[in-house]
Amino acid sequence: MNKAPKDRYNAVWLIFFMLGIGTLLPWNFFMTATMYFTDRLGDPTTIPQDCVPHVTASTPTVSDVGNDSNFTDCVALIPARNNLQNKFNNVMTLCAMLPLLIFTYLNSFLQRWISPNVRIAGSLVAIFLFFLLTVIFVKIPFSPITFFTVTMIKIIFINSFGAILQGSLFGLAALFPASYTTPIMSGQGLAGTFAAFSMICALASGSSLADSAFGYFITACVVILLALMSYFLLHKMEFYQYYTIVNLNENNAELQDKKDLLSSGQNTVESASHPRKKPSVIAILKKMWVLALSVCFVFTVTIGIFPSVTADVKSTIAGDSAWATYFIPVSCFLLFNIFDWAGRSITALFMWPGKDSKLLPLLIVLRVVFLPLFMLCNVQPRKFLPVLLAHDAWYICIMILFAVSNGYLASLCMCFGPKKVDVHESEAAGSIMAFFLSLGLALGAGFSFLLRILV
């Protein structure tokens, strides 16, 4: 077998990074405009058009769970929220999480019949079209019920295609060396960081809801187009062709069988009479179930506490200063996204512990300590637990460790999972790992309601 070519200028790595951004940046920007959507659901004759932006930006390697609100109440007096406004966030979360989980699961089977090119490029085109519609709808008046229905339909389709895109990308990256899953994870982390920073800028500028939303959706469209062009450019690179075409070509199937047999200790002559079958999901899962459950547990813990509990922490030192306004946007969302991104990116430098180490799942289980630590911070309102870690510094330090461990350990799991199986099973393994990541998000979303009640 020919020696693998070099990734010149790290071009393939950088394109995977761009595609990683493209998987989550659209949804992050969609989530930051939550107040815009709820504003459109109110009575346009009584609700002010311009509100003061407030606290939150979502992340959605880890933010697919939704927030209560992304802005404070308007400066002017606003009538009581109607039924559509009250249930918008809950219905949006449901419409986001169910398609994400279902289509990530279906992608494990779709990859047998639909090529990665169709799944990845097709998903990017579909997401772009739905965001383009969202941009147009900013300028078109709708009745509240019509706008509610149209928005939920868009959320369902965006997350359905987003799930196929994410699962297909992890499956594609699994064909490459383990380090090539890192740029996808890192790109997703940067997507959240960029969205959080954009939200802070909107908070400082006092932009109107409609103008901010229009800018968010236009930016998302541009990023999706860049990701799509990057993906087409990827196919022209020798390094990419080696791992996806040459290395997995049917003409080289015998060589690949020999490579698999060397690792399993079987006789190569014996395989000649036993043609290789399509990989079984159950058989693959038996080889990497520890890492699959590990990445699921990472995100169950993370989404269980963030942002349902962490976004309700109040500063104890701000008083009437501007820090009271910026405390959660900076200390919660921006810090989490920056250090989550850092944790994901560290795996490009080293990967410890190894894929067979028992220390890795142990470290992941130990992250449950962050749950009581955050719950003992100054979360308001609260009913049951005392405040033992009141100072802002406690909260900030806990958040940094929480974010770094989330990014680093999740990225390790996603890198190592496909390397626990034979090479011809790698793409399916990557898709399965993406499903368990989504399962962790869904479980964390449900768990978050219980944790918030217990504070």
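Which residue just after H6 takes a positive phi? Select Gly 206: its phi is about 70 degrees. Keep that spot in mind for the second stop.

**Before you start**

This is a predicted model, in which local features need pLDDT of at least 70 and side-chain atom pairs count only at pLDDT 80 or more, while totals for chains, interfaces and linings use all residues. Residues are numbered from 1 along each chain as its sequence is written, and side-chain values use heavy atoms, with hydrogens and water left out.

**Stop 1: the whole chain**

Show everything as cartoon. The secondary structure comes to 16 helices and 0 strands. Helices (H or I, at least four residues) and strands (E, at least two) are DSSP runs, numbered from the N terminus. Of the 455 residues, 55% count as buried. Buried means under 20% relative accessible area, exposed means over 50%, and partly exposed is in between (1.4 Å probe, protein chains only). Now switch on the surface. About 19400 Å² is accessible, and carbon and sulfur atoms hold 69% of that. These areas come from the Shrake-Rupley method with a 1.4 Å probe; for residues, only the protein chains shown count as cover.

**Stop 2: helix H6**

Select residues 182–205. This is H6, with 24 residues. From its first C-alpha to its last it reaches 35 Å, close to the 34 Å expected at 1.5 Å a residue. The expected span is 1.5 Å times one less than the number of residues. H6 is largely enclosed by the rest of the structure, because 18 of its 24 residues are buried. Just after H6 comes Gly 206 with its positive phi.

**Stop 3: the nonpolar cores**

Select Val 12, Phe 16, Tyr 36, Phe 131, Phe 176 and Phe 217. Of the 99 residues in the largest nonpolar core, these touch the most other members. Helix H1 (residues 11–32) gives the most to this core, with 13 residues. A nonpolar core is a set of buried Ala, Val, Leu, Ile, Met, Phe, Trp, Tyr and Cys residues joined through side-chain atoms within 4.5 Å. Another core, of 29 residues, lies apart from it; among its members are Ile 200, Met 399, Phe 402 and Leu 451.

Go back to Phe 217. Leaving aside neighbours within four places in sequence, its contacts include Phe 29, Phe 30, Tyr 36, Phe 131 and Val 138. Contact means heavy atoms within 4.5 Å.

**Stop 4: Ile 155**

Move to helix H5 (residues 144–173) and pick Ile 155. Ile 155 is buried, with a relative accessible area of 0%. Beyond four places in sequence, Ile 155 is in contact with Trp 27, Phe 30, Met 92, Cys 95 and Ala 96. Measure to Cys 95 yourself: the two are 60 residues apart in sequence and 6.3 Å apart in space, C-alpha to C-alpha.

**Stop 5: Arg 119 and its partner**

Which side chain meets Arg 119 in a salt bridge? Show sticks for Glu 427: the N to O distance is 3.0 Å. A salt bridge is a side-chain nitrogen of Lys or Arg within 4 Å of a carboxyl oxygen of Asp or Glu. Glu 427 lies in helix H16 (residues 426–454) and Arg 119 in helix H4, so the pair ties together parts 308 residues apart in sequence. Both ends are under cover. Arg 119 is buried at 3%, and Glu 427 counts as buried at 17%. Not counting residues up to four places away, Arg 119 also touches residues including Asn 107, Gln 111 and Ser 168.

**Stop 6: other salt bridges**

The whole structure holds 7 salt bridges. Select Asp 312 and Arg 452, which pair at 2.9 Å, N to O. Asp 312 is in the loop between helix H11 (281–305) and helix H12 (323–346), Arg 452 is in helix H16, and they are 140 residues apart.

Next, pick Lys 420 and Asp 356, paired at 2.5 Å, N to O. Lys 420 lies in the loop between H15 and H16 and Asp 356 in the loop between H12 and helix H13 (359–366), so this bridge ties together parts 64 residues apart in sequence. Lys 420 is partly exposed at 28%, whereas Asp 356 is exposed at 57%.

**Stop 7: the surface**

Select Val 125, Leu 129, Leu 132, Leu 133, Ile 136 and Ile 140. They form a nonpolar surface patch, with about 440 Å² of accessible area together. Patches are made of residues with over 30% relative accessible area and no salt bridge: like charges are joined within 9 Å, nonpolar side chains (Val, Leu, Ile, Met, Phe, Trp, Tyr) within 5 Å. Val 125 lies in helix H4 (residues 116–138) and is partly exposed at 36%.
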